[in-house]
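Visitor: Please give me a close look at one sheet, strand by strand. Then follow its neighbours outward, as far as they lead.

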Amino acid sequence: MAKRQFKAESKRLLDLMVGSIYTHKEIFLREIISNASDACDKLCYLALTDDAVGMSRKDFKIEIQADKEHRTLTVSDNGIGMDKEDLENNLGVIASSGSYKFKQEVGDDAKDTDVIGQFGVGFYSAFMVSDQITVVTKKYGAETAYRWQSSGADGYTITECDRPGVGTDIIMHIKPDTDDEKYGEFLESWRLQELVRKYSDYIRFPIRMEVSKTRRKEGSSDDQPEYETYTVEETLNSMVPLWQRRKSSVKPEEYNKFYRDKFHDYADPQRVIAVSAEGAVTYKALLFIPGATPYDYYTKEYEKGLQLYSSGVLIMDKCSDLLPEHFRFVRGVVDSPDLSLNISRELLQHDRQLKVIAANLEKKIKSELSKMLKDDREGYEKFWKNFGRQLKYGVVSEYGAHKDLLSDLLLFYSSTEKKPVTLAEYVSRMKEDQKYIYYAAGESLDKVDKLPQTEGLRDDGVEILYLTDEVDEFCAQTLRTYQDKEFRSVLDQEITEGDQQKAQEAADAHKATFDFVKESLGDAVKEVKASTRLKSHPVCLTAGEGLSFEMEKYFQAVQPDMSLRADRILELNVDHPIFQALETAVTADPERAKKYATLLYDQALLIAGLPLDDPSGYTDLVCDLLTFSQEKK
Ligand code: ADP
């Protein structure tokens with residue numbers, strides 16, 4: 001019997017695919033099962049209007065049979081079936097509508113993967129694991145059944161045959177094992193069960209297979225139990241996906257269990273977001289905000305993404321394009337009948353529908369978080385502990401492109417409320433004459449609380465946001481404003497005219513002392529000046545316009561060789577007794593005055609949480625001064 005040739009395009013495609021395209025050979029089963037499911041759908045649909053079909057939804061099924069002896073894997077369905085013409089048209093060419101386009105695309109520089117993504121090549125993927133495929137099929141309403149057979153690119157034959165009922169068997173003769181590939185595993189019951197659960201769990205028809213089990217032989221004694229193996233036919237898939245059910249019909253425990261099983265989490269999710277969209281793109285999504293931070297969350301091992309399904313069939317396990325970076329903690333699934341099953345990763349990135357879905361989901365997640373912030377503050381604070389830092393990174397990333405989306409969701413610790421507050425809450429409490437949102441950055445709440453620069457504002461009852469995360473200050477600087485109120489570090493408080501004058505007077509009155517200190521410290525400090533804000537403390541450091549101290553520390557930690565350094569401006573409290581001692585020493589005992597200057601600078605460094613330039617020199621100085629004051633007594 002003469003072999004019929006595949007159409008030229010198909011041949012080319014077969015070569016491409018069998019060679020290298022799909023790295024995951026295992027997906028062939030998903031493709032074959034999906035076709036079987038489509039065939040059942042078609043006949044099921046026909047049955048709705050045609051009583052002669054005599055079947056209803058519950059009568060359809062897909063069966064898998066593995067025959068190790070003959071090395072065949074068979075997937076059968078009782079769906080619509082194919083006649084001779086269908087076999088020619090469907091299995092003899094690649095999706096016929098696409099063949100013209102295919103020719104164009106397969107120019108020499110077209111990328112192979114892109115080509116694959118455009119066509120329904122599902123069936124052919126079986127050639128990745130088989131050296132011969134036989135299709136036995138009988139179409140609904142037809143008299144004759146047909147056998148289609150092919151060993152790959154060299155063509156196919158079609159002959160008449162018998163088949164008891166309507167439907168299709170795809171009989172795949174599995175390739176012999178090689179050193180690299182153990183094709184034989186596709187005949188193992190455990191592997192097939194695993195694959196069905198992984199890719200085809202939500203196919204709406206039962207996928208049945210005989211599985212062998214072991215049981216204790218009846219009548220065998222407790223002392224010497226005997227076992228026997230037996231086979232039963234089981235349904236391998238769970239069929240109804242949770243996301244296809246209405247939220248009101250699903251119990252919270254069901255969602256929790258689904259989440260824990262699917263995403264291997266020990267903790268229940270904190271929130272469940274069920275989305276059902278129709279319109280430009282139809283899809284269902286089930287999203288979860290985890291109840292705990294995954295142990296690897298802030299490492300590069302953590303992979304973001306949502307599971308992507310096309311009508312219940314898994315296309316991709318972690319589709320990262322569906323989630324923006326700032327919501328990368330969200331887990332979940334998206335299912336859309338509008339997405340093509342065979343779409344490749346490369347194409348998916350440019351998929352318009354996918355972009356629409358991603359944009360909608362971002363909005364949904366934001367609104368769910370806003371709702372939680374409003375209705376469940378305690379819950380939100382828990383969420384914030386788990387993932388708040390991610391939102392702050394989100395504000396800073398991409399030059400602040402997402403700051404408007406995220407700013408309402410931020411929390412910072414408040415000096416007056418003694419708890420995390422939102423920026424909206426801060427602004428609503430601002431005094432009438434308060435121009436700025438004040439913040440103070442430091443390593444811990446305690447350290448910030450003790451910053452000399454916060455003292456004046458706190459005495460005046462002004463609320464200060466304490467920024468203790470390394471990203472916080474970048475975050476405040478990226479935001480720049482919130483509800484038109486500018487952020488301002490307590491380190492660079494605005495100086496009033498009165499302050500200005502006071503500082504000038506102090507500078508004039510104590511010029512010699514300031515010059516002396518500047519000279520003693522040399523390049524370590526940029527400037528030495530009188531402070532307008534210090535009350536009980538003798539000194540403090542400020543950083544001036546550029547880099548702040550917290551940023552310096554951050555860069556030190558992440559990029560030590562860059563040695564970025566904030567300017568150090570030493571402010572002295574001229575009303576403090578220490579300053580008077582210093583001033584006296586400048587004329588009476590310049591050597592001693594130099595030691596005072598160094599010591600005061602070191603203290604200012606310590607309070608700002610910066611490393612001392614010379615720690616042992618510092619302790620020497622302290623000892624020296626202690627003995628000196630002892631001698632004086
Ligand atoms: P796709 O499913 O993307 O159209 P395939 O290459 O997987 O591409 O299948 C080509 C066509 O062959 C299908 O569209 C369908 O018409 C037909 N077909 C494949 N498998 C079956 C089956 N089990 N029963 C009936 N028709 C089938």
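Guide: In this predicted model, strand β14 covers residues 412-414 and is joined to β15 by two bridges. The two strands run antiparallel. One facing pair can be picked out here: Phe412 has Val421 of β15 opposite.

Now widen the view to the sheet around that pair. Six strands make up an open sheet, in the order β15-β14-β17-β16-β19-β18. Its pairing is mixed. β15 (420-421) and β18 (481-482) are the edge strands, and each has a single partner, so one side of each lacks a neighbour in the sheet. In general, strands of a sheet pair through backbone hydrogen bonds, in a parallel or an antiparallel sense.

A helix crosses this sheet. α14, residues 452-459, lies across β16 (436-441) and β17 (464-467). Its direction makes about 155° with that of β17.

β16 also leads to a cavity. Three cavities of 30 Å³ or more are found in the structure. The largest of them holds about 170 Å³ of space. Which elements supply at least two residues each to the lining of the largest cavity? They are β16, α13 (445-449) and α18 (549-558). α18 gives the largest share, with three residues. In total, 19 residues line the largest cavity. Ala441, Gly442, Leu451, Glu550 and Ala608 are the ones nearest its centre. What is the chemical make-up of this lining? By class, there are nine nonpolar residues, five polar and five charged.

Next comes a second sheet. It is open, has three strands and follows the order β20-β22-β21. Here too the pairing is mixed. Its edges are β20 (527-530) and β21 (539-542); each has a single partner strand, so one side of each has no neighbour in the sheet. From one strand to the next, the twist averages 25°. β21 pairs with β22 (residues 569-572) in the antiparallel sense, over four bridges. Within that pair, Thr542 stands opposite Ile569 of β22. Helix α20, residues 590-607, packs on this sheet and touches β21 and β22. The direction of α20 makes about 60° with that of β21.

For another antiparallel pair, go back along the chain to β9 and β10. β9 spans residues 271-277, and β10 spans residues 283-289. Seven bridges join them. Ala277 faces Tyr283 of β10. Together the strands form a hairpin, with five residues between them. Gly279 sits in the turn and has a positive phi of about 135°. Is β9 enclosed or open to the outside, and why? Five of its seven residues are buried, so β9 is largely enclosed by the rest of the structure.

Last, the whole chain. It has 633 residues, and 49% of them count as buried. It carries 21 helices and 22 strands. Now take the contacts with a separation of 6 or more: residues 24 or more positions apart account for 69% of them.

How values were computed: Residues numbered from 1 in each chain as written. Predicted model: local features only at pLDDT ≥ 70, side-chain atom pairs only at ≥ 80, totals over all residues. Heavy atoms only, no water. Pairing = 2+ DSSP bridges. Contact = heavy atoms within 4.5 Å. Axes fitted to C-alpha atoms, helices over the stretch in contact; angles between N-to-C directions. Buried < 20%, exposed > 50% of the residue type's maximum accessible area, 1.4 Å probe, protein only. 1 Å grid on protein atoms, 1.4 Å probe; cavity = no way out; pocket = protein on both sides within 12 Å on 5 of 7 lines; lining within 4 Å. Points joined across faces, edges and corners; volume = space filled by probe spheres on them. Nonpolar A, V, L, I, M, F, W, Y, C, P; charged D, E, K, R; others polar.
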